[in-house]
Every structure is written in C-alpha cells, then in structure tokens.
Amino acid sequence: MRFFEKTLFLSIAIASCEPHAEDRYTTKYDNVDVDEILHSDRLMKFYMNCMLDKGACTPVGQEVKERLPDALASGCEKCSEQQKKIIIKSLKFLIEHRRNDFDQLEARFDPKHIFRTRYQAQLEKNGIKL
C-alpha cells in the first residue's frame with residue numbers, strides 16, 4: 001500500500017471506532033446547576049410542568065423531555081458520563097425528597113414499570129431504593 005492509501009485506511013478505521021456526534025446526546029447542558037433546580041420549589045414546579053406537558057419548557061427542559069424516552073429504552077447509551085451522574089443524582093433526590101414528583105414522572109414515562117424493573121438492580125447499586 002502506498003502512503004496515501006495507508007493514511008486513508010487508518011483514518012477510516014479510527015473514525016469508525018469513535019462515536020459519531022449523532023450517536024450521542026448534546027453535552028451543551030451538562031454544566032447546568034442541577035442542585036439549584038432540585039432545591040428550588042419554584043424551579044422544580046416549572047420543570048415538572050414542562051415534563052408533564054402542563055407548562056412551558058426551557059431549552060434544557062425540552063431537551064430532557066425529548067430525550068428521556070430514548071434514554072430509558074437504550075440504557076442511556078447516548079449519555080455522557082456527566083449526564084449519567086446528573087440522572088443518578090436527580091433520581092435519588094426525587095425519590096428521597098419529592099416522591100410525588102417522581103411518581104408523576106414515572107406514570108408519564110414508565111406507566112407499566114418496564115424500566116423500573118429493568119434498572120432496579122442498577123439503581124440499588126447507586127444507593128437508590130424504589
């Protein structure tokens with residue numbers, strides 16, 4: 001193989017191993033202060049209304065609402081590590097401090113408890129008791 005062909009082959013091989021941008025959720029919201037949202041009754045009410053189609057959404061809320069069904073179905077395979085940490089933190093907080101909100105979200109996004117059953121061991125591993 002000539003140098004050009006080797007370089008092209010190597011570039012294609014490397015590119016095929018890296019996740020494509022469309023195979024991942026956007027990370028532009030990964031630095032949102034989730035603690036500020038979770039500990040604010042006003043912000044939680046706003047985001048809950050967004051998630052339950054009872055009110056307007058911020059771009060962050062809209063992104064979460066649109067991606068949540070796919071993330072649940074795929075085991076969050078398109079999530080960044082930061083997004084996974086945010087999800088665990090948020091779930092733990094909702095279950096321990098805002099159970100009614102969690103129950104409403106579960107009724108909307110997992111009414112048959114399919115994902116609850118699928119991820120129960122993983123949640124327990126992260127200290128989350130349903």
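# A walk through a seven-helix chain

Hello everyone. Let me start with how this chain holds on to itself: among contacts with a separation of 6 or more, 65% join residues that sit 24 or more positions apart. Please keep in mind that what you see is a predicted model.

What is the chain built from? The secondary structure comes to seven helices and zero strands. If you trace the sequence from start to end, the pattern reads α-α-α-α-α-α-α. The chain has 130 residues, and 31% of them are buried.

Now let's look for empty space. Rolling a probe the size of a water molecule over the atoms shows where such space is left. The largest pocket here has a volume of about 1300 Å³. It is lined by 43 residues, and those closest to its centre are Val64, Leu68, Ile87, Ser90 and Leu91. Which helices supply the lining? At least two residues each come from H2 (34-38), H3 (41-51), H4 (59-74), H5 (81-97), H6 (99-109) and H7 (114-125). By character, the lining splits into 29 nonpolar residues, seven polar and seven charged.

Let's take two of those helices in turn, beginning with H4. This helix has 16 residues and runs 22 Å from its first C-alpha to its last, close to the 22 Å expected at 1.5 Å a residue. Where does H4 bend? There is a kink of about 40° at arginine 67, shortly before proline 69. The buried residues of H4 are Val60, Gly61, Glu63, Lys65, Ala71, Leu72 and Ser74, and they pack against H3, H6 and H7. Just after H4 comes glycine 75, with a positive phi of about 70°.

Here is a handy rule for reading lists like that one. An α-helix has 3.6 residues a turn, so residues three or four places apart point the same way.

Next is H5. Its 17 residues should span 24 Å at 1.5 Å a residue, and because the end C-alpha atoms are 24 Å apart, the two agree. Buried in H5 are Gln83, Ile86, Ser90, Phe93, Leu94 and Ile95. The elements covering them include H2, H3 and H6. You have met Ser90 already, as one of the residues closest to the centre of the largest pocket.

Now for a few single residues that are worth finding on the screen. Start with cysteine 50, in helix H3. Is cysteine 50 buried or exposed? Its relative accessibility is 0%, so cysteine 50 counts as buried. Leaving out neighbours within four places in sequence, cysteine 50 is in contact with Gly55, Ala56, Cys57, Gly61, Gln62 and Lys65. Take glutamine 62 from that group: it lies 12 residues from cysteine 50 along the chain, and their C-alpha atoms are separated by 7.4 Å.

Then move to H6, where you will find phenylalanine 109. With a relative accessibility of 14%, phenylalanine 109 falls under the 20% cut-off, so phenylalanine 109 counts as buried. What does phenylalanine 109 touch? Not counting residues up to four places away in sequence, phenylalanine 109 touches Met51, Lys65, Leu68, Pro69, Leu72 and Phe115. Phenylalanine 109 and leucine 52 are 57 residues apart along the chain, while their C-alpha atoms are separated by 9.3 Å.

Helix H6 also holds glutamate 106. This charged residue has 10% relative accessibility, so glutamate 106 counts as buried. Apart from neighbours within four places in sequence, glutamate 106 is in contact with Pro111, His113 and Arg116. Between glutamate 106 and arginine 116, which are 10 residues apart along the chain, the C-alpha separation is 8.6 Å.

That brings us to the loops. Histidine 113, one of the contacts of glutamate 106, lies in the loop between H6 and H7. Histidine 113 has a positive phi of about 60° although it is not a glycine. Its relative accessible area is 35%, so histidine 113 is partly exposed.

Where else can you find a positive phi in a residue that is not a glycine? Look at aspartate 53, where phi is about 60°. Aspartate 53 sits in the loop between H3 and H4 and is partly exposed, with a relative accessible area of 46%.

That's my tour. Thanks for listening, and I'm happy to go back to any part of the picture.

Technical notes:
Residues are numbered from 1 along each chain as its sequence is written. This is a predicted model: local features need pLDDT of at least 70, side-chain atom pairs count only at pLDDT 80 or more; totals for chains, interfaces and linings use all residues. Side-chain values use heavy atoms; hydrogens and water are left out. On a 1 Å grid over the protein atoms alone, a cavity is a set of points where a 1.4 Å probe fits but cannot get out, and a pocket is an open set with protein on both sides within 12 Å along at least five of seven lines; lining residues have an atom within 4 Å of a point. Grid points are joined across faces, edges and corners, and a volume is the space filled by probe spheres set on the points. Helices (H or I, at least four residues) and strands (E, at least two) are DSSP runs, numbered from the N terminus. The expected span of a helix is 1.5 Å times one less than its number of residues. The bend at a residue is the angle between axes fitted to the seven residues ending there and the seven starting there. Buried means under 20% relative accessible area, exposed over 50%, partly exposed in between (1.4 Å probe, protein chains only). Contact means heavy atoms within 4.5 Å.
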